[in-house]
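User: I would like to learn how to read a structural model feature by feature, with the criteria behind each term stated as we go. Could you take me through one?

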Amino acid sequence: MNKAELVAAVAAKTGMSKVAALAAVNATVDSIAEALKKGENVQLIGFGTFAVVKKAARKGINPATKQVINIPAKTVAKFKAGKGLL
């Protein structure tokens with residue numbers, strides 16, 4: 001399912017217009033993204049949890065040259081599915 005299909009599904013289930021459903025979907029995604037950028041977790045009971053995880057710096061191997069490279073530390077978003085999702 002892509003974003004257009006999600007908007008159509010939200011519009012069909014709620015009786016909203018597609019324009020209103022698009023605004024609702026965009027607001028939801030933007031709110032989740034803003035919370036993650038602040039380092040906050042977003043927990044949707046029955047669906048899952050979006051969390052921010054800090055990954056430590058590590059060493060890796062370039063498969064093309066077999067040279068050891070340094071992979072810098074970074075912050076990534078993570079999603080853990082809730083029981084009601086599956």
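Analyst: What follows is a dialogue that goes from overall shape to the pocket, the strand pairing and a few single residues. This is a predicted model, in which local features need pLDDT of at least 70 and side-chain atom pairs count only at pLDDT 80 or more, whereas totals for chains, interfaces and linings use all residues. Residues are numbered from 1 along each chain as its sequence is written, and side-chain values use heavy atoms, with hydrogens and water left out.

User: How many helices and strands are there in the chain, and in what order do the elements run?

Analyst: Helices (H or I, at least four residues) and strands (E, at least two) are DSSP runs, numbered from the N terminus. Here the chain has two helices and five strands, and from the N terminus on the order is α-α-β-β-β-β-β. The radius of gyration, taken over C-alpha atoms, is compared with a globule rule of 2.2 Å times the number of residues to the power 0.38. For this chain the radius is 18 Å, well over the 12 Å that the rule gives for 86 residues, so the chain is more spread out than a compact globule. The C-alpha trace spans about 55 × 25 × 25 Å along its principal axes.

User: What share of the residues counts as buried, and what share of the contacts comes from residues 24 or more positions apart?

Analyst: Buried means under 20% relative accessible area, exposed over 50% and partly exposed in between, with a 1.4 Å probe and protein chains only. By that criterion 13% of the 86 residues are buried. A contact means heavy atoms within 4.5 Å, and among contacts with a separation of 6 or more, residues 24 or more positions apart account for 26%.

User: How should I read a pocket, and which residues line the largest pocket?

Analyst: Rolling a probe the size of a water molecule over the atoms shows where empty space is left. On a 1 Å grid over the protein atoms alone, a pocket is an open set of points with protein on both sides within 12 Å along at least five of seven lines, whereas a cavity is a set where a 1.4 Å probe fits but cannot get out; lining residues have an atom within 4 Å of a point. Grid points are joined across faces, edges and corners, and a volume is the space filled by probe spheres set on the points. The largest pocket has a volume of about 170 Å³, and its lining consists of L6, V10, A24, V25, T28, V29, I32, F47 and F50. The elements giving two or more residues to that lining are α1 (3-14) and α2 (18-37), with the largest share, five residues, coming from α2. Ala, Val, Leu, Ile, Met, Phe, Trp, Tyr, Cys and Pro count as nonpolar, Asp, Glu, Lys and Arg as charged, and the others, Gly among them, as polar; on that basis the lining has eight nonpolar residues, one polar and no charged.

User: Which strands pair, and in which sense do they run?

Analyst: Two strands pair if DSSP finds at least two bridges between them. Strands β1 (residues 42-44) and β2 (residues 48-55) run antiparallel and are joined by three bridges, with V42 partnered by F50 in β2. Their hairpin has three residues between the strands, and G46 there takes a positive phi near 85°. Strand β2 also pairs with β5 (residues 74-81) in the antiparallel sense, over eight bridges, and K54 has T75 as its bridge partner in β5. Four bridges join β3 to β4, again antiparallel, and in β4 the partner of G60 is I69.

User: What is notable about the backbone of K66, and where does K66 lie?

Analyst: K66 has a positive phi of about 65° although it is not a glycine. K66 lies in the loop between β3 (58-61) and β4 (68-71), a hairpin with six residues between the strands, and is exposed at a relative accessible area of 62%. Q67, found in that loop, touches G60, I61 and N62, not counting residues up to four places away in sequence. The C-alpha atoms of Q67 and V52 are 30 Å apart in space, with their positions 15 residues apart in sequence.User: Which residues does K78 touch, beyond those up to four places away in sequence?

Analyst: K78, in strand β5, touches T49, F50, A51 and V53. The C-alpha atoms of K78 and V53 are separated by 6.7 Å, although the two residues are 25 residues apart along the chain. At 48% relative accessibility, K78 counts as partly exposed.
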